[in-house]
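Q: I am new to this structure and would like a close look at a single part of it. Please begin with how its strands are ordered and paired, and then show me what surrounds them.

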Amino acid sequence: MVDHEWLEAAVDLGLSPQPFHIETVSSASLDELQQKGYAKRLTLHKPSHASTEVTELFDIVDQTVYIRDNQPEHIKILITAHCLAHADFINQNHYIVTMIQAFKEQYPVMRRQFEQAREKLSDYDFLSLNCSLYDLYQFLHIRDEDVEWILTNMHLNEPLVKLWRVFNFENSLFRTIGQTSLMNEGWATLYERLLLRHNHSYTPAVEKVVNEKNRPYPTGINLYRLGEQLWEEVDEGLRFRIRSIATDSSFLERFYSPNIHYNDLISILHPSLKEVRNNYPFVKQQLLATTRYQGKLRVELDRESTLNTNEVTFRYPKEQYHDIKVRTVIQSLEALLKHRVYIKPI
């Protein structure tokens, strides 16, 4: 558990963190946990290509912080402050609280469905279906109602239906985490500084790490930096309410100001979009799409076309920027559905 002194400091600053467990793990174990997303993940996960080695992972399902072993003392102090702020956000944000409650209630049922699917499938088929479903959710943002329509109307075999439902169930957790990650990381970055200063722990060594973490990226979004800048736009009297009721998209819509955009240019989305980085309205719209769909291609099932042909058609907004390898996703969908699949602009 986190030290009582740090919990008191958090309360002094108005935070309401729930106590959480702390476990020190090896580098290999933490890397695997990062790939899984949470410790008790059921479905397939693949090696991450992230270039940055994380020092900790906050498992919001088990309320456990896993810390890489052999960390210097100043890093442990920084992690403590950062995770206390996370613990406050996670246990106060309405969307995360609601998701975790529902997730914990449904998890035993989904675990049984996962095991039943594994029992009915050969090792090869089980792995193959896992890979196809993993690719589907890695690259596409597909609505829950479209998934349910497919599972109900496409005459899929029972093990696949169960396995797909488990993937969709876990994806709902990852989606909620993704749609609040900018707020969450920004909140943790803002309040880690306040906590460290409150406890007289903001040493030069700690400050150096904080500044390095918050540096602008050549491309992509630094959640720590952008998130903190956004929270600094929020009146202090409103911060705790916004923390509880917003998601990243509503947060950006309200607080991503021209001041943030033009003064810092911290919202560079992709190398191919560098030429429009000075276009505040365009970048704001792209940021909103990114936070809603986490860089995935948003598709909707064309049910009428699918019912009237022996083909499955998904459609996506023509104006949505993406660099998804659509052919890879189509191959995965065709392996699952045993029908020809099309992904077309609206």
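A: The part to start from is an open sheet of four strands, which follow the order S4-S7-S8-S9 with mixed pairing; two strands pair if DSSP finds at least two bridges between them, and both strands (E, at least two residues) and helices (H or I, at least four) are DSSP runs, numbered from the N terminus. At the edges are strand S4 (140-142) and strand S9 (340-345), each of which pairs on one side only. On average, neighbouring strands of this sheet are turned by 35° against each other, direction ignored. This is a predicted model, in which local features need pLDDT of at least 70 and side-chain atom pairs count only at pLDDT 80 or more, while totals for chains, interfaces and linings use all residues. Residues are numbered from 1 along each chain as its sequence is written, and side-chain values use heavy atoms, with hydrogens and water left out.

Within the sheet, strand S8 (residues 311-316) and S9 run parallel and are joined by six bridges. One residue pair to look for is Tyr-316 and its bridge partner in S9, Pro-345. Helix H6 (residues 144-153) lies across S4, strand S7 (297-301) and S8, and runs at about 45° to S7; here the axes are lines fitted to C-alpha atoms, for helices over the stretch in contact, and angles run from 0 to 180 degrees between N-to-C directions.

From the sheet, the view can widen to the nonpolar interior. The largest nonpolar core has 95 residues, and Ile-150, Trp-164, Phe-314 and Ile-343 are those with the most contacts inside it; such a core is a set of buried Ala, Val, Leu, Ile, Met, Phe, Trp, Tyr and Cys residues joined through side-chain atoms within 4.5 Å. Helix H3 (residues 73-90) gives the largest share of this core, ten residues. Around Trp-164, leaving aside its neighbours within four places in sequence, the residues in contact (heavy atoms within 4.5 Å) are Leu-133, Leu-136, Tyr-137, Val-147, Ile-150, Leu-151, Leu-156, Leu-336 and Leu-337. A second, separate core has five residues, among them Val-25, Leu-30, Leu-57 and Tyr-66.

Tyr-66 leads on to strand S3 (residues 64-68), which is mostly covered, with five of its five residues buried; buried means under 20% relative accessible area, exposed over 50%, and partly exposed in between, with a 1.4 Å probe and protein chains only. In a regular strand the side chains alternate between the two faces of the sheet. In S3, Thr-64, Tyr-66 and Arg-68 point one way and Val-65 and Ile-67 the other way, and all are buried. S3 pairs with S1 in the parallel sense over five bridges, and with S2 in the antiparallel sense over four bridges. Tyr-66 is the bridge partner in S3 of Glu-23 and also of Leu-57. S2 and S3 form a hairpin with four residues between them, and Gln-63 in the turn has a positive phi of about 50°.

Aromatic rings offer another way to follow the chain. A search of the whole structure finds 15 aromatic pairs, where rings of Phe, Tyr and Trp (its six-membered ring) pair if their centres lie within 6.5 Å, and planes under 30 degrees apart count as stacked, over 60 as edge-to-face and the rest as tilted. The rings of Phe-20 and Phe-58 have centres 5.4 Å apart and planes at 50°, so this pair is tilted. Phe-20 is in the loop between helix H1 (4-12) and strand S1 (21-25) and Phe-58 is in strand S2 (residues 56-59), so that this pair, 38 residues apart, links distant parts of the chain. Both Phe-20 and Phe-58 are buried. The pair of Tyr-262 and Tyr-280 is tilted as well, because the ring centres are 6.2 Å apart and the planes are at 45°. Tyr-262 belongs to helix H13 (residues 258-264) and Tyr-280 to helix H14 (residues 280-293), 18 residues apart. Tyr-262 is partly exposed, with a relative accessible area of 43%, whereas Tyr-280, at 14%, counts as buried.
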